[in-house]
Amino acid sequence: MRSKLLVGLVLALVAVMFIVPCAMAQKKAAGAKLLCVSKKELKGEETVASCLAKGERFAVLDPYGLVRILTPEEVELTKAFNPKAFETRAYGMKYEKLAPAMTPFAVPLEASE
């Protein structure tokens, strides 16, 4: 009887050890930043949309320090699904610490019904 209880406790502990890191990773993933790669000196003088209209290139920096440079196709698709992501102020790589986190995905009302 005692061994069954011990096995149950060990299994519960292992399950918690797997669930907690996954939850923490999802919480950190919300902190991704959109940074200008072309103009490293940007400090919020312009919006991301105006920089993109001028042909500037942007990248997404995740909380783990991994960078993904956005292609024009990715920018257009992101605009279609999350236009608010490009209304924020643009920051260059030099001012990464000042850049705000990307706005979360906004679902239109007609799509949620």
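Let's start with contacts across the chain. Take the contacts in this protein between residues at least 6 apart in sequence: 65% of them join residues at least 24 apart. One caution before we go on. What you see above is a predicted model.

Now the layout. The protein has four helices and five strands. Reading from the N terminus, the order is α-β-β-α-β-β-α-β-α. There are 113 residues, and 23% of them count as buried. The accessible surface comes to about 8,300 Å². Carbon and sulfur atoms account for 67% of that surface.

Let's go inside. In soluble globular proteins, nonpolar side chains tend to be buried together. Here, the largest nonpolar core has 14 residues. Which residues have the most contacts inside it? They are Leu34, Val48, Leu52, Phe58, Phe86 and Ala90. Three elements each give two or more residues to this core: strand E1, residues 33-36; helix H2, residues 48-53; and strand E3, residues 58-61. H2 supplies the largest share, three residues.

Stay with Ala90 for a moment. Set aside its neighbours within four places in sequence. Ala90 is then in contact with a run of residues from Leu42 through Lys43, Gly44, Glu45, Glu46 and Thr47 to Val48. Cys51 and Phe58 are also in contact with Ala90. Two of these partners, Val48 and Phe58, appeared a moment ago among the core residues with the most contacts.

Another partner of Ala90 deserves its own stop: Glu46. Glu46 lies in strand E2, which spans residues 43-47. Is Glu46 buried or exposed? Its relative accessibility is 15%, and buried means under 20%, so Glu46 counts as buried. The side chain of Glu46 makes a polar contact with the side chain of Lys54, at 2.8 Å. Beyond four places in sequence, Glu46 touches Lys39, Cys51, Lys54, Thr88, Arg89 and Ala90. So Lys54 turns up in both descriptions, as a polar partner and in the contact list.

Last stop, the outside. Leu6, Val10, Val14, Phe18 and Ile19 make a nonpolar patch on the surface. The area of that patch is about 500 Å². Look at Ile19. Ile19 sits in helix H1, residues 2-29. Why does Ile19 count as exposed? Because its relative accessible area is 56%, and exposed means over 50%.

To recap. Inside, there is a nonpolar core of 14 residues, with H2 giving the largest share. Glu46 is buried and joined to Lys54 by a polar contact. Outside, Ile19 is exposed and belongs to the nonpolar patch. That's the tour.

Terms used
Residues are numbered from 1 along each chain as its sequence is written. This is a predicted model: local features need pLDDT of at least 70, side-chain atom pairs count only at pLDDT 80 or more; totals for chains, interfaces and linings use all residues. Side-chain values use heavy atoms; hydrogens and water are left out. Patches are made of residues with over 30% relative accessible area and no salt bridge: like charges are joined within 9 Å, nonpolar side chains (Val, Leu, Ile, Met, Phe, Trp, Tyr) within 5 Å. Accessible areas come from the Shrake-Rupley method with a 1.4 Å probe; for residues, only the protein chains shown count as cover. A salt bridge is a side-chain nitrogen of Lys or Arg within 4 Å of a carboxyl oxygen of Asp or Glu. Buried means under 20% relative accessible area, exposed over 50%, partly exposed in between (1.4 Å probe, protein chains only). A nonpolar core is a set of buried Ala, Val, Leu, Ile, Met, Phe, Trp, Tyr and Cys residues joined through side-chain atoms within 4.5 Å. Contact means heavy atoms within 4.5 Å. A polar contact is a pair of N or O atoms within 3.5 Å; within protein, one must be able to donate a hydrogen and the other to accept it, and residues adjacent in sequence count only if both atoms are side-chain atoms.
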